[in-house]
Amino acid sequence: MAGTIDVVEFELGGERYALDINLAREIVEMMPITPIPRAPPYISGVINLRGEITNIMNLNTLLGLPGKDVRENQKIIVLVPEAAKGNNIGVIVDDVSSVRQVPEADIEHIGAGISSEFSQFVKGIIKISGDDAEKKKKDLIIWLDMEKVIADLGSRSGSSPGAGSRDADG
């Protein structure tokens, strides 16, 4: 018996993406973001989310996708701290479509032969059939490996992705 995988489906630059539901703590409406001086380009800034400072990342910049203007329906997907080495991190997306259960049979895993900087962050391609595909929407969803995306940030900067983090040595 094939299992199913629960994902949060969202839009980014007109394309459909998904991430594991267990990585999403909550989805919040866009709110004012306080920029951080000299932060990397993928860090939009920080927000105060119910008393917790949360780093906000621009997923377009992070994934090397073309930047889009601020859109009306933008949301922030706040990740569970475990996905980001204990940091509070949220990612900006154009819109959140749905939470869906995907049969494993509908997931095409990316082969090792496909090499690009982006493909290492893709868990697979989700094929949508039936009613959704008939709505003239694109029938493929890119399933992102958000834990790898965030882990890669640490290797880029030499530290963890938290904007206010300090080295353990002081």
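These exercises walk through a predicted model of a protein chain, each with a worked solution.

In this model, local features need pLDDT of at least 70 and side-chain atom pairs count only at pLDDT 80 or more, while totals for chains, interfaces and linings use all residues. Residues are numbered from 1 along each chain as its sequence is written, and side-chain values use heavy atoms, with hydrogens and water left out.

**Exercise 1. The overall layout**

Work out how many helices and strands the protein chain has, and in what order they run.

Step 1. Begin with the rule: helices (H or I, at least four residues) and strands (E, at least two) are DSSP runs, numbered from the N terminus.

Step 2. Counting gives three helices and eleven strands. From the N terminus on, the order is β-β-β-β-β-α-β-β-β-β-β-α-β-α.

Step 3. Now look at cover. Of the 170 residues, 41% are buried; buried means under 20% relative accessible area, exposed over 50%, and partly exposed in between (1.4 Å probe, protein chains only).

Step 4. Finish with contacts, meaning heavy atoms within 4.5 Å. Among those between residues at least 6 apart in sequence, 58% join residues at least 24 apart.

**Exercise 2. The five-stranded sheet**

Find the strand order of the open sheet that has five strands, and name its edge strands.

Step 1. Two strands pair if DSSP finds at least two bridges between them. Following the pairs gives β3-β6-β7-β5-β4, and the pairing is mixed.

Step 2. β3 (24-29) and β4 each pair on one side only, which makes them the edge strands. On average, neighbouring strands here are turned by 30° against each other, direction ignored; the axes are lines fitted to C-alpha atoms, for helices over the stretch in contact, and angles run from 0 to 180 degrees between N-to-C directions.

Step 3. Inside the sheet, β6 and β7 run antiparallel and are joined by four bridges. I77 has V91 in β7 as its bridge partner.

Step 4. Move to β4 (residues 43-49) and β5 (residues 52-58), an antiparallel pair with six bridges. Here I47 is bridged to T54 of β5. Five of the seven residues in β4 are buried.

**Exercise 3. Two positive phi angles**

Decide where R38 and R50 sit, and whether each is buried or exposed.

Step 1. A reminder helps here: most residues other than glycine have a negative phi.

Step 2. R38 has a positive phi of about 60° although it is not a glycine. Its place is in the loop between β3 and β4, and R38 counts as exposed because its relative accessibility is 86%.

Step 3. R50 has a phi near 50°, also a positive value. This residue belongs to the hairpin of β4 and β5, which has two residues between the strands. With a relative accessible area of 63%, R50 is exposed.

**Exercise 4. The six-stranded sheet**

Trace the open sheet of six strands and find its edges.

Step 1. The order is β8-β1-β2-β11-β10-β9, with mixed pairing.

Step 2. β8 (95-103) and β9 (107-108) are the edge strands, as each pairs on one side only.

Step 3. β2 and β11 pair in the parallel sense over two bridges, and the partner of A18 in β11 is W143.

**Exercise 5. The largest nonpolar core**

Say which residues touch the most other members of the largest nonpolar core, and which element gives the most to it.

Step 1. A nonpolar core is a set of buried Ala, Val, Leu, Ile, Met, Phe, Trp, Tyr and Cys residues joined through side-chain atoms within 4.5 Å.

Step 2. The largest has 30 residues, and F10, L19, M57, L59, I77 and M146 touch the most other members. Elements that each supply at least two residues include β1 (4-12), β2 (15-20) and α3 (146-157). α3 gives the most, with four residues.

Step 3. Take L19 as an example: leaving aside neighbours within four places in sequence, its contacts include F10, I77, W143 and M146. Apart from this core lies another, of nine residues, among them I5, A18, V102 and I107.

**Exercise 6. An aromatic pair**

Classify the ring pair of F10 and Y17.

Step 1. Rings of Phe, Tyr and Trp (its six-membered ring) pair if their centres lie within 6.5 Å; planes under 30 degrees apart count as stacked, over 60 as edge-to-face and the rest as tilted.

Step 2. The F10 and Y17 centres are 6.0 Å apart and the planes are at 20°, so the pair is stacked.

Step 3. Check the cover: F10 is buried at 0% relative accessibility, and Y17 is buried at 3% relative accessible area.
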